[in-house]
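Open the model in your viewer and switch to a cartoon display. The stops below are meant to be taken in order.

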Amino acid sequence: MKRLFSRHKNNRVLIKVIRFFYENPACIDTSNNIAGWIGERRKPVKEILDFLVKHNVLNKDATYATEGYSFTQDKNMLSKIGDFLKDLE
């Protein structure tokens, strides 16, 4: 997982999405709303959200009408994400 984060440390949208969920760990929201919260366009945010779901950083719940994204509750992953964000400072 460390390589995943280090390879993407310059991806502004990925960092904004991770930071958003790290600072709002109880949030469950749509890609459109998350894009609005972080001030980015929906399409690149959606791509990053799905990328992070694939790597178990986020969870995705879907109904026939919408998809909601939420932060992992895995303590090991949360620790790695915290370290990644600290390294950016």
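Which residue in E3 does Asp61 stand opposite? Select Asp61 and look across to E3: the residue there is Gly68. Keep in mind throughout that this is a predicted model.

Next, select strand E2 (58-62) together with strand E3 (residues 67-71). The two run antiparallel, and 5 bridges join them. Add strand E1 (28-29) to the selection. You now have an open sheet of 3 strands, with antiparallel pairing and the order E1-E3-E2. E1 and E2 stand at the edges; each has a single partner strand, so one side of each lacks a neighbour in the sheet. Strands of a sheet pair through backbone hydrogen bonds, so turn on the backbone atoms if you want to look at the pairing.

Keep the sheet on screen and add helix H4 (residues 42-54). H4 packs on the sheet, where it touches E2 and E3. The direction of H4 makes about 110° with that of E2.

Now add helix H3 (residues 31-38). The axes of H3 and H4 come within 9 Å and cross at roughly 110°, which makes H3 roughly perpendicular to H4. The crossing is right-handed.

To see what fills this contact, show side chains. On the H3 side, select Ser31, Asn32, Ile34, Ala35 and Ile38; on the H4 side, select Arg42, Val45, Lys46 and Leu49, which they meet. Coloured by class, the contact shows 5 nonpolar, 2 polar and 2 charged residues.

Definitions and conventions:
Residues are numbered from 1 along each chain as its sequence is written. This is a predicted model: local features need pLDDT of at least 70, side-chain atom pairs count only at pLDDT 80 or more; totals for chains, interfaces and linings use all residues. Side-chain values use heavy atoms; hydrogens and water are left out. Axes are lines fitted to C-alpha atoms, for helices over the stretch in contact, and angles run from 0 to 180 degrees between N-to-C directions. Helices (H or I, at least four residues) and strands (E, at least two) are DSSP runs, numbered from the N terminus. Angles under 35 degrees count as roughly parallel, over 145 as roughly antiparallel, 65 to 115 as roughly perpendicular and the rest as oblique. A crossing is left-handed if the near helix is turned anticlockwise from the far one by less than a right angle, and right-handed if clockwise. Contact means heavy atoms within 4.5 Å. Ala, Val, Leu, Ile, Met, Phe, Trp, Tyr, Cys and Pro count as nonpolar, Asp, Glu, Lys and Arg as charged, and the others, Gly among them, as polar. Two strands pair if DSSP finds at least two bridges between them.
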